Structure formats: structure tokens, C-alpha cells
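Please follow the chain below with the structure open beside the text. The paragraphs take the helices in groups and then turn to the loops.

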Amino acid sequence: MEKKRQNQFGLRSDEVPAQFREMFICSGYRKPYGTAMDCVKSAFLPLNETVNVWTHFVPFLLFLVRFAFLFSKYCLIEDTYVYPLLSFAIGICGFLLMSSGAHLFNSMSPRVRHICFFFDYSAISVYSVGAGQAFYFYSRSLNGNNAFFNSSSAFLGISCLISVFSTFTCCASRHRWPKMKYVIRTLCFVLAFFFNSAPYLHRVCVDSPSQFDTPEEQLAISYFRSHSIYYLISALANMSRMPERLIPGVFDIVGHSHHFLHVFTALGAADQFTAIQIQMESRRNDLERFPIVTFRNSLGLMVFICIINFGIVLWFGKNLQSNKEEEHKSL
């Protein structure tokens, strides 16, 4: 009977090594060192990672369907103007899939757990570069004289540097700064969010208010606003560990902070993409007078930043110690 209880409802925190525990989560843990198939089966049991898996895997599938219909309208071989939006779409699907996979397979061993989340952090960083491309090529001002925002190389170069910095810092935080790990990781991605949104924020400051009076611009603004609110809620939940911090054990299976993080990042990404798509389509005639989108500075750049981030993951993975040694390190 006890074995059946553990299989269906998980283990208590004191029944798993410290490496597998999460702050303020008292129950619902999977048995460590399971197989990949054990992890897949666990996605259909009431455990503390189950909601995390599905709240990013289901949006991943929905985005795939949405993107398949959207990009079937364009001739992707010739229409380079669409490439930044495609980069953005790839980034969204990548971070949702990596996140879902990380939460699904992280109980296999301490080393696998680290590597799963290394890939999770890197996918978010790659997504940020895709977002930066979309903001720069579709949301920037065409009237300003700011040299920085007139240079795609400068803006996208710094976006890539922030991506690399975020991946490196988040991976390092799994062995350093244990008391500040969630704050550090969240701030890394907040930095990327603000920088990559800067072309739009700059446009709001320098363009005439009359340029935002069209129905398309007003609709885009409403989506930008809701997207920002969703991401703010996600950041606050991840840093505060609310509500499980207040009542440990009550929200173990449903309702802890990481669940809110997943739900609101998926909603935020959907509204962010919709806002960008509206601007991409409504401003096309104006933006195409400045034809600076190429394969090299859009999809090619995404391939490059994927390789760099993958290299960081490999480097951190190579430096992991044995499972037994990793078990005794705190996250």
C-alpha cells in the first residue's frame, strides 16, 4: 500500500536527496534515478512537476499549429522580411519545449537534472534574441536620429551578448549563490526583456502620438500592455516563491509559484507575438523602405546564438561531478 501511495502521489521532501528538492515544496516528488519512461509516465500522475510539464507542452503544441497556419501564407524562400518573425516563433517554441522537457526528465539523476535546466536557461536566452530581432525590425522608430537604433549590428550584437551572459550566469547559479538563485535568474531575463523591448519603447518616446492613433497600433499597444503584465506576474512569482512560501505543503501539486510562472509566460509570449505580428503586417509598406533584413542578421543569427548557447551548456555539463557528489551540493 505504501509503495502504491508513493507511485501515485509522490515522496515527501525528506525522502529525496537535497539536490531534488524545491524550496517550500513538501511532497509530490518523484523517485530519483528513474528511467526516461518512468518520467513520461509520471506526467500523468498528481505530482509536483506534472503541471509544470503540461503548462508549457500544451502551449508548445498550440503555437506549432498557429505558426504552421501563419507562415504557410508567406513564401519563406524569397520573403526575407518575414524572417525575424520566424526567428521569434522558433524561439517561443524552443523555450516552451525545453522547459517542458526539463521538468519532465529532471528526476533521472543529479547530473541530468542540471543539464535539463542548463538547456532550459539557454532556450530562454535564445528566445530573447528572437524577440529582439522582431522588436528591432518591426517595432523601431523610422523617424529618430539615434545612431544605436539605426544600427542593426549594434543592437543585435548586444542582444546576443546579453543572451550569452544570461545563459552563463543562470547555469552558474545552480552551484553558486544558493540564497539568491531565483532572483539572479529572474533578473537576467528581466534585463533581456527590457533591452530587447527597447526599440518599441524608444519609438513610443520619439514618434508623434498621432502615429499610434490607428486601430492597428491601438490593438498592438493593448497586447503589449497585457504581455508586460503577464511577464511582471511571472517574475514576481518566481522571485518571491509565493504562495508556497506562506503555506508550505498546501500548493505542492497545484498552485505553486512555478505553475504561475509557466502559465503567465505562455500567455505573455502569445500576446507579445500577436503585438509584433500586428506591427509587422501594418507597418510593412513603411519598413520595407529600409530593407535591412537578411538571412544573416535573422535566421542565421539564431543559428549562431543557438550554437554559442549550446557550447555553454556543454561546458557546464562537462564540469559536473559524479551523481553522488552532486547530490550533496545545494541548489
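Helices α4 and α5 run roughly antiparallel to each other. This is a predicted model, and in it the two helices pack at an angle of about 160°, their axes lying 8 Å apart. The cut-off for roughly antiparallel is an angle over 145 degrees, so the pair qualifies. The crossing of α4 past α5 is left-handed. Sorted by class, the residues in this contact are 20 nonpolar, 8 polar and 1 charged.

Helix α4 itself covers residues 83-105. Its 23 residues should span 33 Å at 1.5 Å a residue, and the 32 Å between its end C-alpha atoms agrees with that. How many of the residues of α4 are buried? The count is 17 of 23, so the helix is mostly covered, where buried stands for under 20% relative accessible area.

Helix α5, residues 110-139, has a second partner in α11, which takes in residues 299-318. The axes of α5 and α11 come within 9 Å and cross at roughly 160°. That angle makes α5 roughly antiparallel to α11. Which hand does the crossing of α5 and α11 have? The crossing is right-handed, whereas α4 passes α5 in a left-handed one. On the α5 side, the residues that meet α11 include Arg111, Ile115, Phe118, Phe119, Ser122, Val126, Val129 and Gln133. On the α11 side, those that meet α5 include Leu299, Met302, Ile305, Asn309, Phe310, Val313 and Phe316. An α-helix has 3.6 residues a turn, so residues three or four places apart point the same way. By class, the contact of α5 with α11 has 13 nonpolar, 6 polar and 1 charged residues.

Arg111, one of the α5 residues that meet α11, also has a distant sequence position beside it in space. The C-alpha atom of Arg111 is separated by 7.3 Å from that of Ser322, although the two residues are 211 apart along the chain. Ser322 sits in the loop between α11 and α12 (323-327). With 34% relative accessibility, Ser322 counts as partly exposed.

Gly132 is another residue of α5. Is Gly132 buried or exposed? Its relative accessibility is 0%, so Gly132 counts as buried. Leaving aside residues up to four places away in sequence, Gly132 touches Phe155, Leu156 and Asn196. Between Gly132 and Pro291, 159 residues apart in sequence, the C-alpha to C-alpha distance is 17 Å.

Next comes α8, residues 215-240, with 26 residues. From first C-alpha to last it reaches 38 Å, close to the 38 Å expected at 1.5 Å a residue. Among its buried residues are Glu217, Phe224, His227, Tyr231, Ser234 and Asn238. What do the buried residues of α8 pack against? They pack against α5, α7 (181-206) and α9 (257-282).

Helix α9 also appears in the surroundings of α3. Helix α3, residues 50-71, has 22 residues and reaches 32 Å between its first and last C-alpha atoms, close to the expected 32 Å. Its buried residues include Thr50, Asn52, His56, Pro59, Phe60, Phe63, Phe67 and Phe71. What covers the buried residues of α3 includes α2, α4 and α9.

The loops hold some backbone geometry to check. Most residues other than glycine have a negative phi, and most peptide bonds are trans. Right after α8 comes Arg241, whose phi is positive, near 60°. Arg241 lies in the loop between α8 and α9, and at 4% relative accessibility Arg241 counts as buried. Pro243 is found in the loop between α8 and α9 too. The peptide bond joining Met242 and Pro243 is cis, with omega about 10°.

Tyr33 is a further residue other than glycine with a positive phi, near 65°. Its place is the loop between α1 (2-9) and α2 (36-42). At 41% relative accessibility, Tyr33 counts as partly exposed, whereas Arg241 counts as buried.

Methods
Residues numbered from 1 in each chain as written. Predicted model: local features only at pLDDT ≥ 70, side-chain atom pairs only at ≥ 80, totals over all residues. Heavy atoms only, no water. Helix = DSSP H or I, 4+ residues; strand = E, 2+ residues; numbered from the N terminus. Expected span 1.5 Å × (residues − 1). Buried < 20%, exposed > 50% of the residue type's maximum accessible area, 1.4 Å probe, protein only. Contact = heavy atoms within 4.5 Å. Axes fitted to C-alpha atoms, helices over the stretch in contact; angles between N-to-C directions. Parallel < 35°, antiparallel > 145°, perpendicular 65-115°, else oblique. Left-handed = near helix turned anticlockwise from the far one by under 90°. Nonpolar A, V, L, I, M, F, W, Y, C, P; charged D, E, K, R; others polar.
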